[in-house]
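Me: Could you walk me through reading this structure, feature by feature? I'd like the general idea each time, then the case at hand.

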Amino acid sequence: MDIEYTIAEEAFRAEVKEFIAANHTEEIRARSAKSLTGYINKESHVAWQKALHKKGWIAPNWPVEYGGPGWSATQKYIYETEMQMAGCLRPVAFGLKMVAPVIMEFGTPEQKAQFLPDILETNVWWCQGYSEPGSGSDLASLQTRAIPDGDDYIVNGSKIWTTMAQRADWIFCLVRTSTEGKRQQGISFLLIPMTTPGITVEPIVLLDQTTAPDQEVNQVFFEDVRVPQANRIGDENAGWTVAKYLLEFERGNAYAGALQGGVARIREIAKQERYDGGRLIDDPAFAAKLAQCEVTVEAIQYTELRTLSALSAGQRVGAESSILKCQGSSMTQEIGELSVEANAYYASPFDRGVLDAGANVAPIGPDYSIAAAGRYFNQRKATIYGGSNEVQHEIVAKRILGM
Ligand SMILES: Cc1cc2nc3c(=O)[nH]c(=O)nc-3n(C[C@H](O)[C@H](O)[C@H](O)COP(=O)(O)OP(=O)(O)OC[C@H]3O[C@@H](n4cnc5c(N)ncnc54)[C@H](O)[C@@H]3O)c2cc1C
């Protein structure tokens, strides 16, 4: 097997590095370094995505006909790795990686023309309205109702844990359009502008006490919200198929680049932190943990490359996305834990003032310690969102292992 990069691929890597140096500005880098959630202020997030779009690189996995760059699997891999190793801000997934593939697969030509260019250009911020109070893992029990009224639906109900809904221009929603037959057969997939009268967004304040406009999750309420039926993707009552297709993309997200970046940063910290008269990196117990992380991350990377090559060959991600979701999210947490261990006492202080962008408060300890504990706590979410890991284990058991 030839695992050397070609001259053209190395030239592409150099181009990616050059682009990052020129466009991932010091302001964005500083904000990202302090972010506990992976989000920074909306304006800077959008500016970074627009820079990627201008270069033609915002949607590596989109087909060329919709504006994708037409890269080989190796180019996608190089791009993703370089971006994550450099600690670059990740583009928001809701539009580019979730609703866009759904619109490409199930949308009408009019819907494709209306929504895809704005997603590509980051003119709209999307959020995901799947979960409801009482309907998370058991998503098919959802009760937000959409009742036909002329050419519209009237929507009533509530969605919960809606990430960044306070920033969103549009929400993609699962709604109940029938109570007949199997629960899965009465669900439709609707696109709704967040400015529609009757929609209210209320923040859910988490343990880190981040408040509006930067808090992460919300509850969204719908009271007699009028939505054109033309905003439905796919047939009425066929939303479950659409929903599951989207989840393959949500769960099959690329983790390896970010994990490699995380391991590399811990290695740098361990070279600087003292331990028992020497450096932490020389402690055999710590070095063994770091090596174990590296081995697992490499295994995840090869699984992702396999998925990527299947996608390039026109195949679906399928239930294998559940394996990636479990492995990627668990490793995210393990690396977060190791980072706290490497930072030792300096991980302890939690000072919101220091975390705020542009703060001139001196941190207790080195800069790399500022976000370590906050991230560790925030990362508890990774094994819950996108479908909890326990539920993903069941999918793997049933649909891959045939148990
Ligand atoms: C930070 C964060 C952001 C989120 N963002 C969004 C978003 O933007 N949009 C959105 O729609 N949703 C979002 N979610 C919701 C997320 O998808 C749900 O929290 C998740 O699906 C679990 O549902 P639940 O919270 O209702 O827990 P429950 O379904 O009540 O589960 C509770 C516990 O029981 C376990 N369990 C449940 N069923 C089974 C089973 N069959 N077998 C074994 N164990 C089981 C679960 O693993 C879990 O440990 C987000 C969640 C978090 C934490």
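## Reading the fold, piece by piece

Reply: Of the 403 residues in the protein chain, 48% count as buried. Keep in mind that this is a predicted model.

Me: How many helices and strands does the protein chain have?

Reply: There are 13 helices and 10 strands in the protein chain. The radius of gyration is 22 Å, close to the 22 Å that the globule rule gives for 403 residues, so the chain is as compact as a globular protein of that length.

Me: What does the C-alpha trace span along its principal axes?

Reply: The C-alpha trace of the protein chain spans about 75 × 50 × 45 Å along those axes. As for contacts, those with a separation of 6 or more are the ones to look at here, and residues 24 or more positions apart account for 74% of them.

Me: And the surface: what share of the accessible area belongs to carbon and sulfur atoms?

Reply: The share is 53%, out of an accessible surface of about 19,700 Å² for the protein chain. On the charge side, the protein chain carries 38 positive and 50 negative side chains, and the centres of the two sets lie 1 Å apart.

Me: Let's turn to helices. How should I read a list of buried helix residues?

Reply: Start from the geometry: an α-helix has 3.6 residues a turn, so residues three or four places apart point the same way. Now take H8, residues 256–272, where the buried residues include Leu259, Gly262, Val263, Ile266, Ile269 and Ala270. Ala256, Gly257, Gln260 and Gly261 are also on the buried list of H8.

Me: What is the distance in H8 from its first C-alpha to its last?

Reply: H8 reaches 25 Å with its 17 residues, close to the 24 Å expected at 1.5 Å a residue. You can run that check on H4 (residues 73–85) too: its 13 residues should span 18 Å, and its end C-alpha atoms are 18 Å apart, which agrees.

Me: Which residues of H4 are buried?

Reply: The buried ones are Lys76, Tyr77, Ile78, Tyr79, Glu80, Thr81, Glu82, Met83 and Gln84. Just after H4, look at the backbone of Gly87, which takes a positive phi of about 70 degrees.

Me: How many residues of H7 are buried?

Reply: H7 is mostly covered, with 10 of its 13 residues buried. Among them are Trp240, Tyr245, Leu246 and Leu247, along with the charged-type names Glu248, Glu250 and Arg251. H7 covers residues 239–251, and its end C-alpha atoms are 18 Å apart, which agrees with the 18 Å that its length should give at 1.5 Å a residue.

Me: Which residues have a positive phi without being glycine?

Reply: Asp224 is one of them, with phi near 50 degrees. Asp224 is found in strand S7 (residues 217–228), and at a relative accessible area of 52% Asp224 is exposed. Ala344 is another non-glycine case, with a positive phi of about 50 degrees. Ala344 lies in the loop between H10 and helix H11 (352–355) and counts as partly exposed at 40% relative accessibility.

Me: Now single residues. Is Gly336 buried or exposed?

Reply: Gly336 counts as buried, at 8% relative accessibility. Gly336 is found in helix H10 (residues 320–343). Leaving out residues up to four places away in sequence, Gly336 touches Tyr376 and Gln379. Gly336 and Ala373 sit 37 residues apart in sequence and 8.1 Å apart in space, C-alpha to C-alpha.

Me: Where is Ala319?

Reply: Ala319 is in the loop between helix H9 (284–312) and H10. Even so placed, Ala319 is buried, with a relative accessible area of 13%. Beyond its neighbours within four places in sequence, Ala319 is in contact with Ile395, Arg399 and Ile400. The C-alpha atoms of Ala319 and Glu248 are separated by 7.0 Å, with their positions 71 residues apart along the chain.

Me: And what does Tyr5 touch?

Reply: Not counting residues up to four places away in sequence, Tyr5 touches Glu10, Arg13, Thr74, Tyr77 and Ile78. Tyr77 and Ile78 are on the buried list of H4. Tyr5 itself lies in the segment before helix H1 (7–23) and counts as partly exposed at 30% relative accessibility. By contrast, the C-alpha atoms of Tyr5 and Gln379, 374 residues apart along the chain, are separated by 34 Å.

Definitions and conventions: Residues are numbered from 1 along each chain as its sequence is written. This is a predicted model: local features need pLDDT of at least 70, side-chain atom pairs count only at pLDDT 80 or more; totals for chains, interfaces and linings use all residues. Side-chain values use heavy atoms; hydrogens and water are left out. Helices (H or I, at least four residues) and strands (E, at least two) are DSSP runs, numbered from the N terminus. The radius of gyration is taken over C-alpha atoms; the globule rule is 2.2 Å times the number of residues to the power 0.38. Buried means under 20% relative accessible area, exposed over 50%, partly exposed in between (1.4 Å probe, protein chains only). Contact means heavy atoms within 4.5 Å. Accessible areas come from the Shrake-Rupley method with a 1.4 Å probe; for residues, only the protein chains shown count as cover. Lys and Arg count as positive and Asp and Glu as negative; His and the chain ends are not counted. The place of a charge is taken as NZ of Lys, CZ of Arg, CG of Asp or CD of Glu. The expected span of a helix is 1.5 Å times one less than its number of residues.
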